[in-house]
Amino acid sequence: MSSTPFYTPPRWSATFDAHSIAEIHRAAQTGIYDIRGGGAKRKVPHFDDLLFLGASVSRYPLEGYREKCGTDVVLGTRFAKKPIHLKIPVTIAGMSFGSLSGNAKDALGRGATQMGTSTTTGDGGMTQEERKSSKTLVYQLLPSRYGMNPDDLRKADAIEVVVGQGAKPGGGGMLLGMKITERVAKMRTLPVGIDQRSACRHPDWTGPDDLTIKIQELREITDWEKPIYVKVGATRPYYDVALAVKAGADVVVLDGMQGGTAATQDVFIEHVGIPILAAIRPAVQALQDLDMHRKVQLIVSGGIRNGADVAKALAMGADAVAIGTAALVALGDNDPHWEEEYKKLGTTAGCYDDWHEGRDPAGITTQDPELSKRLDPVKAGHRLANYLAVLTMETQIIARACGKSHVHNLEPDDLVALTVEAAAMAGVPLAGTNWIPGRNGM
Amino acid sequence: MNVVDLSQTPLRELHTRLHNLPKDTNERLWKLINVHGEHACAVGLTQPIEVHIHGHIGYYCAGMNKEATVVIHGQCGVGVAENMMSGEVRVKGTASSAAGATGQGGLLVIEGDAGTRCGISMKGIDIVVGGSVGAMSAFMGQAGSLVVLGDAGANLGDSLYEARLYVRGKVESLGADCVPKQMTPHHVAKLGRLLKRAGMDADPKDFKRYGSARKLYNFHVDNVDAY
């Protein structure tokens, strides 16, 4: 028997863990909640909890390097005279000039255009640069209507009515004063340097009946040419999708809680809304119940990182995905190259999320002209194009392994879940069983 | 004059004609009849034409107007002249809520009353209301002027930025960060010109001015009770 005195090692509380204690100290010291960028950082059921079954005796695979596996997608086939044709099922989500530097917006346009897909404006309107660099540009109609201009509406290839976003469904936005430069202020008709609030709801409509008329107005203004998207944060996806369809949307964009924001309270990001994994099946069910699946296209976003995530989203019934955070990372966000500077900001590469402060060493989430210069839009655009190409190839690899000649032929039957929770949320069997929790009263 | 009977002509066809008028068009005077409360009527106009709408009209009439003059000889629904860029919209009757919402320029005249949230998020438009306005008018107003010859409902100018508010009658209450401001000779002259443009017979000296205290421009925890 050891002669060392018996002692209990320090034990962390599972409830009051290190992060919680640090947050209590921070709140007590500052008297204000934490604001940050990005999406939910907590672990939630996600695409990692799903697996593809691949081909077997009962399924016939396609040869990976020879046989065709289509990736194109057409968006806006319901009412628009000019639907959007994309080469790949991965689009770039709405992010504003203001939250992002001009060079970052330019780079997003270049990368997306190189790969034949679309980019999306954001709060604050359309810049000439992003219109020029983006072959296909979706123009957002947001509650704030900052920079809203009918000429830009007509220049756009599609219009996205933003009801909410996954990081903060039900919440407005805040662009802090350090990012309200003269140009940003002018575009938004605001004084320079103020903390700019973005409203949480539209000023001239409430509810689905009004939305129907708002969509009608947008169609009349643009002579029924442009596809109209409706973007919702994932909360009540069955009803929100059904109501968006009822209101006349051509495309529904569904954003899960892992989807990023430029600046929102941490407590909001982590505790409001549901993961995208839990949102897709109810959304698809709504479309199917209305006989609108594949007639009204569904774009999903929030935590897409690789081709497996894309393939899983498509297999669950989405027509395309949108990426925001991953696109910024592809441009160079959180690159270890800037580690020394991240340290000076009290963080480390991979964790930097104070996007609202405008001090981004990578020159992406900033309006500081010197920092912005660090991002070469041509090189960054090429990096994004590379990343989009990899996402697409990875999606094809999985689709071929499941015997599909088009990525849209992936289906829920190709999937199983690793956990009971994921099985219930995705509506696919728990691996090794034929049990889908919640189905047939089980 | 072009007379278009909306009981016979689909709205889409009307807009196709209006949106495709050449810049030097001589078809500058239009009359719409049998409008029957149509929504999104005369929207997205871009030419300096004159459109007279006879009858009551629905939501978003003259939305996003640019250059055109639109006269509504009747009452109108929600969001008249929403996000107007320039030109003039005149409502001979009353307007529902969110009149002139997010308007960026031009002149909106409502000869009767306007409902709640008149001039919400206004961004440069001038709005002159002959009657009274409802609650939360000029909420988050950024730029432009809201002139009310009658009374204003509760929480006028809540969370106001740089829009200027002039009210001749009573104000039920002011919203967060909205305060009375001095009516200087400069403001009297400016308001006088605006009233004249709007065709309103009123003495600018009878109005009180309201604007932003600018205390909420930068978020501070000490102001949390105001939110």
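How many residues of chain A are in contact with chain B, and how many residues of chain B take part? In this predicted model, 21 residues of chain A are in contact with 36 residues of chain B. On the side of chain A that touches chain B, the largest share is contributed by helix α6 (residues 207–221) of chain A, which supplies 5 residues. By residue class, this side of chain A is made up of 11 nonpolar, 4 polar and 6 charged residues.

Chain A contains an open sheet of 8 strands, in which the pairing is parallel and the strands follow the order β5-β15-β14-β12-β11-β8-β7-β6. The edges of this sheet are formed by β5 (90–92) and β6 (118–120) of chain A, each of which pairs on one side only, and the twist from one strand to the next averages 30°. At the β5 edge, β5(A) is joined in the parallel sense to strand β15 (residues 320–323) of chain A over 3 bridges, and within this pair A:Val90 has A:Val321 of β15(A) as its bridge partner. Two helices of chain A can be described relative to the strands of this chain. Helix α2 (residues 102–114) of chain A lies across β5 and β6 of chain A and runs at about 155° to β6(A). Helix α7 (residues 237–246) of chain A, in turn, lies across β11 (228–233) and β12 (251–255) of chain A, running at about 155° to β12(A).

The bridge partner of A:Val90, A:Val321, also has a place in the nonpolar interior. The largest nonpolar core comprises 197 residues, and among its members A:Ala249 and A:Val321 touch the most others. The greatest contribution to this core is made by helix α9 (residues 276–289) of chain A, which gives 9 residues. Because domain 1 (1–72) and domain 2 (94–215) of chain B both give residues to this core, it lies between them. When residues up to four places away in sequence are left out of account, A:Val321 touches A:Pro89 and A:Val90, together with A:Ile299, A:Val300, A:Ser301, A:Ile304, A:Val310 and A:Ala313.

For chain B, the domain assignment gives domain 1, spanning 1–72, and domain 2, spanning 94–215, and the C-alpha centres of these two domains of chain B lie 27 Å apart. The chain also holds an open sheet of 11 strands with mixed pairing, whose order is β1-β2-β3-β4-β5-β6-β7-β8-β9-β11-β10. Its edge strands are β1 (2–5) and β10 (178–181) of chain B, each pairing on one side only, and neighbouring strands are turned against each other by 15° on average, with direction ignored.

Several strand pairs of chain B can be followed at the level of individual residues. Strand β2 (residues 29–33) of chain B pairs with β3(B) in the parallel sense over 4 bridges, and B:Leu32 stands opposite B:Ile53 in β3(B). Pairing between β3(B) and strand β4 (residues 69–73) of chain B is likewise in the parallel sense, over 5 bridges, with B:Val51 standing opposite B:Val70 in β4(B). The side chains of strand β3 (residues 50–54) of chain B alternate, such that B:Val51 and B:Ile53 point to one face and are buried, whereas B:Glu50, B:His52 and B:His54 point to the other face and are not buried. Elsewhere in chain B, strand β7 (residues 123–129) and strand β8 (residues 143–148) pair in the parallel sense over 5 bridges, and B:Val129 is found opposite B:Val148 in β8(B).

The loop between β3 and β4 of chain B holds B:Met64 and also B:Glu67. B:Met64 has a phi near 55°, a positive value in a residue other than glycine, and B:Glu67, although not a glycine, has a positive phi of about 75°. Is B:Met64 buried or exposed? B:Met64 has 27 C-beta neighbours inside 10 Å and therefore counts as buried. B:Glu67, by contrast, counts as partly exposed, because 14 C-beta neighbours lie inside 10 Å.

Technical notes: Residues numbered from 1 in each chain as written. Chains lettered and ligands numbered in written order. Predicted model: local features only at pLDDT ≥ 70, side-chain atom pairs only at ≥ 80, totals over all residues. Contact = placed C-beta atoms within 7 Å. Nonpolar A, V, L, I, M, F, W, Y, C, P; charged D, E, K, R; others polar. Core = buried A, V, L, I, M, F, W, Y, C linked by C-beta atoms within 7 Å. Buried ≥ 20, exposed ≤ 12 C-beta atoms within 10 Å, placed from the backbone. Domains from an automatic or database assignment. Pairing = 2+ DSSP bridges. Axes fitted to C-alpha atoms, helices over the stretch in contact; angles between N-to-C directions.
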